[in-house]
Amino acid sequence: MNKTLLTLTAGVALSAMAAAAEEVRVYNWSDYIDEDLLAKFEQETGIKLIYDVFDSNDVLETKMLAGKSGYDVVVPSGTFLQRQISAGAFQKLDKSKLTNAGNMWDVIEARTNKYDPDNAYSINYMWGTTGLGVNTAQVAEILGEDAPIGSLALIFDPANAEKLAACGIHMLDAADEMIPAALAYLGLNPDSHDVKDIAQAEEVLAAISPYVQKFHSSEYINGLANGDICVAIGWSGDVLQARDRAWEAENGVELAYNAPSEGAMMWFDQMAIPVDAPNPDAAHKFLNFIMDAENMAAASNYVYYANGNKASQPMLEEDVISDPAIYPDEATLENLYTTTPFPPKVQRVVTRTWTKIKSGT
Ligand code: N2P
């Protein structure tokens, strides 16, 4: 072989390798991972990781039901996962590829089993609660020292919401969470699928809608951290991340997270592989990487959410494992509820109701 030909052959081989460079596409919630872990995955596996984010189960669901999302791993919450499994959106996990499965926590698997029998299609990534993020000083200034910062009355009572509108209220843009919260506030079953109950929840939410600055599911993190808003109904770890950002900025903003005394939703975010995933083998490698105890501990230590990995617990920071806002104690646990997917007919009512609430009509 002459020298030119040799160079040429090597060049072709290299570009063929580049073309075949393996990729995995992951679609996860925003503010939900330590990005060092993404680089670590690429280093360990040589697989290029394309990581996109969303902040709404509804957005993810639209993609999953349409198909051909192009993603290898996605992260719906339990109720959405259940509905998408029924629609045939996911493939069964090949457990032989998940050698770290023994690290998972049976207590959480027993709960996620309800959405995904035998956890055949998914692994738990993280779980948490939905509650109140509060700028304690601003709220005390407006409502007084005895402001009900641990109760949904803080914003579901229109008299309070009207006053707090001055310092800014955000609410999750998530009908599947806000309607149950309104039901809990009314003392009704938060998992009710009765349209009469949902109509009552609508009244609560419609009455305060004019005082909500924004229905959005991720902007409240910086909003709270910067002192631009004073109350958000949001997700536990996100409020705790906001608290950290405020500390880091040393801007004097003090934030508290409370699971509402009327009950708080407990949800489970599950990693699953779409039925038409381009690279299911790499998807399993990503899942197995996430199931590594050290990696999962790093993720939770960074985003302040509890995880479903028992083996990660000894590596969790003290302010994570010992914070009942992250790992609820028995008393808090008793006050948490879960929900089940609305049947299609009721879901249509819920979707319409939510659009009306947000538009204030
Ligand atoms: C991450 C929020 C995920 C919780 N920022 C919602 N399931």
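This passage describes the ligand site and two helix pairs in a predicted model.

The ligand is surrounded by ten residues from separate parts of the sequence, listed here in order. Trp29, Ser30, Asp31 and Tyr32 belong to this shell. Ser77 also belongs to the shell, as do Trp235 and Asp238. Trp267, Asp269 and Tyr305 complete the list. By residue class, the shell holds five nonpolar, two polar and three charged members.

Polar contacts involve nitrogen atoms of the ligand. A polar backbone atom of Ser30 lies 2.6 Å from a ligand nitrogen. For Asp31, a polar backbone atom is 3.4 Å from a nitrogen atom of the ligand. Asp269 takes part through its side chain: an N or O atom there is 2.8 Å from a ligand nitrogen. The protein buries 99% of the 260 Å² that the ligand exposes when taken alone.

Helix packing was examined next. Two packed helices are described by the angle between their axes and the distance between the axes. Helix α10 spans residues 195-208, and helix α17 spans residues 344-359. Their axes are 10 Å apart, and the packing angle is about 15°. Angles under 35 degrees count as roughly parallel, so α10 and α17 are roughly parallel to each other. The crossing of α10 past α17 is right-handed.

The second pair consists of helix α2 (residues 35-45) and helix α13 (residues 280-290). Here the axes come within 11 Å and cross at roughly 125°. The helices α2 and α13 are therefore oblique to each other. A right-handed crossing takes α2 past α13.

How values were computed. Residues are numbered from 1 along each chain as its sequence is written. This is a predicted model: local features need pLDDT of at least 70, side-chain atom pairs count only at pLDDT 80 or more; totals for chains, interfaces and linings use all residues. Side-chain values use heavy atoms; hydrogens and water are left out. A residue is near a molecule or strand if one of its heavy atoms lies within 4 Å of it. A polar contact is a pair of N or O atoms within 3.5 Å; within protein, one must be able to donate a hydrogen and the other to accept it, and residues adjacent in sequence count only if both atoms are side-chain atoms. Accessible areas come from the Shrake-Rupley method with a 1.4 Å probe; for residues, only the protein chains shown count as cover. Ala, Val, Leu, Ile, Met, Phe, Trp, Tyr, Cys and Pro count as nonpolar, Asp, Glu, Lys and Arg as charged, and the others, Gly among them, as polar. Axes are lines fitted to C-alpha atoms, for helices over the stretch in contact, and angles run from 0 to 180 degrees between N-to-C directions. Helices (H or I, at least four residues) and strands (E, at least two) are DSSP runs, numbered from the N terminus. Angles under 35 degrees count as roughly parallel, over 145 as roughly antiparallel, 65 to 115 as roughly perpendicular and the rest as oblique. A crossing is left-handed if the near helix is turned anticlockwise from the far one by less than a right angle, and right-handed if clockwise.
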